[in-house]
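Work through the exercises below with the model open. Each solution goes step by step.

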Amino acid sequence: MGATALLFAAAVTAILLVTLDRRLRARRLMDLPPLLPPLDALERVMFRLIAAGFILLTLALLTGFIFVTDLLGQHLIHKTVFSIAAWVLFAMLLFGRTRYGWRGRSAVRWTLTGFGTLAIAYFGDKFILETLLGRHWG
Amino acid sequence: VARLGASDRLCHYFRAVILALTLFFLYSASAWVMLRSATNPRLSPIAWALVVATIFGHSDAIVRMMRIDGPVSIGLLEALSLFAWTLAILACLLCIERQNRVLGSILLACAAFGAAVTGSGRTYAEENAPAGS
């Protein structure tokens, strides 16, 4: 839950970054909200959130592998696959940032894709199993 | 196993609606005051008091939902409520630095929607009620 919250905050920051960037490119400087920090500071916050979320997601996956006994029986296979996919996406983003200095729109795209995958893993999985298929379990 | 009567069920839904509305308005107010406090430092104590009170209220609602009504399973609505609570805590940590208060306010506003589903999930009694009751 902590990892999802941190990565959600990173996704919100990414959307803010895109909005600010578009306004800057369109030279609509008067439309910029005065309360927001500069773009590079916002980007630093986004990568800090991603790094913290990635650490928590890694811990969650590791503890999950220790405690889960039956992936199929506990209806956890979809959640596990999507969570690992999100983990891979964020790992690649952090690697790209440190190795190749990824930033700007490509970093935003990776962040939104990663969070989308994680949201499907947690909420999408619950929505499909509970609401559409009507299955409840402990 | 407790069988829910019509009046009990009505009471449960009434309580859930009041709780949802209260938490939604408290979180929305917190987000708004926190946003204003970015430019007006005099509003900071009010913003923090409001956020802390809201988080305490939400924590109490979650504990009641999970402990007093019985051991409910964490379904979609309970997960959304817990997610909102975690977001609110994260927003508090972000808002410590004044330049991040806009981001914190957005997170608090998102938490308002998640908190609005607190208590509207199925209770232990409902989960275990015999079919047809």
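Helices here are DSSP runs of at least four residues, numbered from the N terminus. The model is predicted.

**Exercise 1. Place Phe90(A) in its helix, then decide whether Phe90(A) is buried or exposed.**

Step 1. Find the helix. Phe90(A) sits in helix H3 of chain A, residues 77-100.

Step 2. Check the accessible area. Phe90(A) has a relative accessible area of 0%. Buried means under 20%, so Phe90(A) is buried, at 0%.

Step 3. List the neighbours, leaving out residues up to four places away in sequence. Phe90(A) touches Leu7(A), Ile50(A), Phe54(A), Thr111(A), Gly114(A) and Phe115(A).

Step 4. Add a distance. Val12(A) is 78 residues from Phe90(A) along the chain, and their C-alpha atoms are 15 Å apart.

**Exercise 2. Do the same for Ser81(B): which helix holds Ser81(B), and what does Ser81(B) touch?**

Step 1. The helix is H3 of chain B, residues 76-95.

Step 2. Ser81(B) is buried, with a relative accessible area of 0%.

Step 3. Not counting residues up to four places away in sequence, the contacts of Ser81(B) are His58(B), Ile62(B), Gly114(B), Val117(B) and Thr118(B).

**Exercise 3. Describe the interface of chain A and chain B.**

Step 1. Count residues. Chain A gives 26 residues to the contact and chain B gives 24.

Step 2. Take the area. The two chains bury about 2000 Å² between them, with 81% of it on carbon and sulfur atoms. On the chain A side, Met1(A), Leu35(A) and Phe123(A) lose the most area to chain B, together 28% of what that side buries.

Step 3. Look for charge pairs and polar pairs. The rule finds 0 salt bridges across the interface. It also finds 0 residue pairs in polar contact, with both residues at pLDDT 80 or more.

Step 4. Assign the chain A side to helices. H1 (2-25), H2 (39-67) and H4 (104-132) of chain A each supply at least two residues. The largest share, 9 residues, comes from H1(A).

Step 5. Sort by class. The side of chain A that touches chain B has 18 nonpolar, 6 polar and 2 charged residues.

**Exercise 4. Why is Cys110(B) not bonded to the closest cysteine sulfur?**

Step 1. Recall the bond. A disulfide is a covalent bond between the sulfur atoms of two cysteines.

Step 2. Count them. The structure holds 0 disulfides over all chains. Cys92(B) is in none, and its nearest cysteine sulfur, in Cys95(B), is 6.7 Å away.

Step 3. Turn to Cys110(B). The closest cysteine sulfur to that of Cys110(B) is in Cys95(B), 13 Å away, and therefore too far for a bond.

Step 4. Compare exposure. Cys92(B) is buried at 15% relative accessible area, whereas Cys110(B) is partly exposed at 27%.

How values were computed:
Residues numbered from 1 in each chain as written. Chains lettered and ligands numbered in written order. Predicted model: local features only at pLDDT ≥ 70, side-chain atom pairs only at ≥ 80, totals over all residues. Heavy atoms only, no water. Contact = heavy atoms within 4.5 Å. Buried area = accessible area lost by both parts, 1.4 Å probe. Salt bridge = Lys/Arg side-chain N within 4 Å of Asp/Glu carboxyl O. Polar contact = N/O pair within 3.5 Å; in protein donor to acceptor, adjacent residues only side chain to side chain. Nonpolar A, V, L, I, M, F, W, Y, C, P; charged D, E, K, R; others polar. Buried < 20%, exposed > 50% of the residue type's maximum accessible area, 1.4 Å probe, protein only. Disulfide = S-S within 2.5 Å.
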